[in-house]
Amino acid sequence: YYGPAIKIYFEALSGSSHLRTVVINHQNGQLFGIYHAADLMGYLRITKDEGYEQFQRFLNAGDERAQMELAKLPGFIPVEQAVTPTTSKRDALALMERINSESLPVVNDQKRFLGTVNRSKLTAGLILAVTDKLEGEPNAKPESNSNP
């Protein structure tokens with residue numbers, strides 16, 4: 001990784017709504033963690049060239065110390081807080097609430113990054129599931145007004 005190139009890339013995409021997540025993998029392809037792009041880019045804008053150079057050094061070092069430093073940067077969510085495709089919506093939302101995050105990484109059994117899941121989609125899915133269940137239940141019989 002090269003700090004000035006990272007800076008150019010982030011600056012070019014900073015006005016775009018398409019860059020939401022920055023994914024960091026280990027050399028073996030397993031997920032290390034993700035950053036909420038706005039949080040990381042905001043930090044790097046404040047720290048300027050020094051922040052980009054530091055980010056570059058940590059990414060290229062890849063050792064345990066560098067990983068600990070990367071994990072301290074704003075917006076970081078480690079692989080340990082990732083969910084899998086089989087994680088329930090409720091459990092994913094509970095984790096988001098616990099770590100105060102709007103999204104989580106999704107990984108497969110080999111800890112490879114599959115994508116992200118966000119709070120609004122999970123919430124909408126749960127509301128629809130509850131609504132479907134309620135609408136699928138038979139209506140209670142109305143009380144009869146006739147006397148026996």
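Which residue takes a positive phi in the hairpin of S4 and S5? Keep that question for a later stop; the tour starts with the whole chain.

**Whole chain**

Show the complete model as a cartoon. This is a predicted model. The protein chain holds five helices and five strands, and along the sequence they follow the pattern α-β-β-α-α-β-α-β-β-α. Turn the C-alpha trace to look along its principal axes: the spans are about 85 × 35 × 20 Å. The radius of gyration of the protein chain is 22 Å, whereas a compact globule of 148 residues would have one near 15 Å.

**Stop 1: the three-stranded sheet**

Select strand S1 (21-25), strand S2 (residues 31-36) and strand S3 (76-78). Together they form an open sheet, ordered S1-S2-S3, with antiparallel pairing. S1 and S3 are the edge strands, and each pairs on one side only. Neighbouring strands here are turned by 20° against each other on average, direction ignored.

Now zoom in on S1 and S2. Five bridges pair them in the antiparallel sense. For one of these pairings, pick Asn25 and look for its bridge partner in S2, which is Leu31.

Add helix H2 to the selection. H2 packs on the sheet and touches S1 and S2. The direction of H2 makes about 140° with that of S2. Next add helix H3 (residues 64-72), which lies across S2 and S3 and runs at about 25° to S2.

**Stop 2: H1 against H2**

Two packed helices are described by the angle between their axes and the distance between the axes. Select helix H1 (residues 3-13) and helix H2 (residues 37-61): they pack at an angle of about 145°, and their axes are 8 Å apart. The crossing of H1 past H2 is right-handed.

Show side chains for the contact. On H1, select Gly3, Pro4, Ile6, Lys7 and Phe10. On H2, select Leu40, Met41, Leu44, Asp49, Tyr52, Phe55, Gln56 and Leu59. Coloured by type, the residues of this contact divide into nine nonpolar, two polar and two charged.

**Stop 3: H2 against H3**

Keep H2 and bring H3 back. The axes of H2 and H3 come within 8 Å and cross at roughly 135°. The two helices are therefore oblique to each other. Their crossing is left-handed.

The residues to select on H2 are Phe55, Phe58, Leu59 and Ala61, and those on H3 are Arg65, Ala66, Glu69 and Leu70. This contact has six nonpolar residues, no polar ones and two charged ones. Phe55 and Leu59 of H2 are listed in the contact with H1 and also in the contact with H3.

**Stop 4: the S4-S5 hairpin**

Move along to strand S4 (residues 103-107) and strand S5 (residues 113-118). The two strands run antiparallel and are joined by five bridges. Pick Val107; its bridge partner in S5 is Phe113.

Now for the opening question. Five residues lie between the strands of this hairpin, and Lys111 is the residue with a positive phi, near 65°.

**Stop 5: H4 against H5**

Finish with helix H4 (residues 89-99) and helix H5 (residues 119-136). Their axes come within 10 Å and cross at roughly 140°. That angle makes H4 oblique to H5. H4 passes H5 in a left-handed crossing.

On H4, show Lys89, Arg90, Ala92, Leu93, Met96 and Glu97. On H5, show Arg119, Leu122, Thr123, Gly125 and Leu126. The residues of this contact comprise five nonpolar, two polar and four charged.

Technical notes
Residues are numbered from 1 along each chain as its sequence is written. This is a predicted model: local features need pLDDT of at least 70, side-chain atom pairs count only at pLDDT 80 or more; totals for chains, interfaces and linings use all residues. Side-chain values use heavy atoms; hydrogens and water are left out. Axes are lines fitted to C-alpha atoms, for helices over the stretch in contact, and angles run from 0 to 180 degrees between N-to-C directions. Helices (H or I, at least four residues) and strands (E, at least two) are DSSP runs, numbered from the N terminus. Angles under 35 degrees count as roughly parallel, over 145 as roughly antiparallel, 65 to 115 as roughly perpendicular and the rest as oblique. A crossing is left-handed if the near helix is turned anticlockwise from the far one by less than a right angle, and right-handed if clockwise. Contact means heavy atoms within 4.5 Å. Ala, Val, Leu, Ile, Met, Phe, Trp, Tyr, Cys and Pro count as nonpolar, Asp, Glu, Lys and Arg as charged, and the others, Gly among them, as polar. Two strands pair if DSSP finds at least two bridges between them. The radius of gyration is taken over C-alpha atoms; the globule rule is 2.2 Å times the number of residues to the power 0.38.
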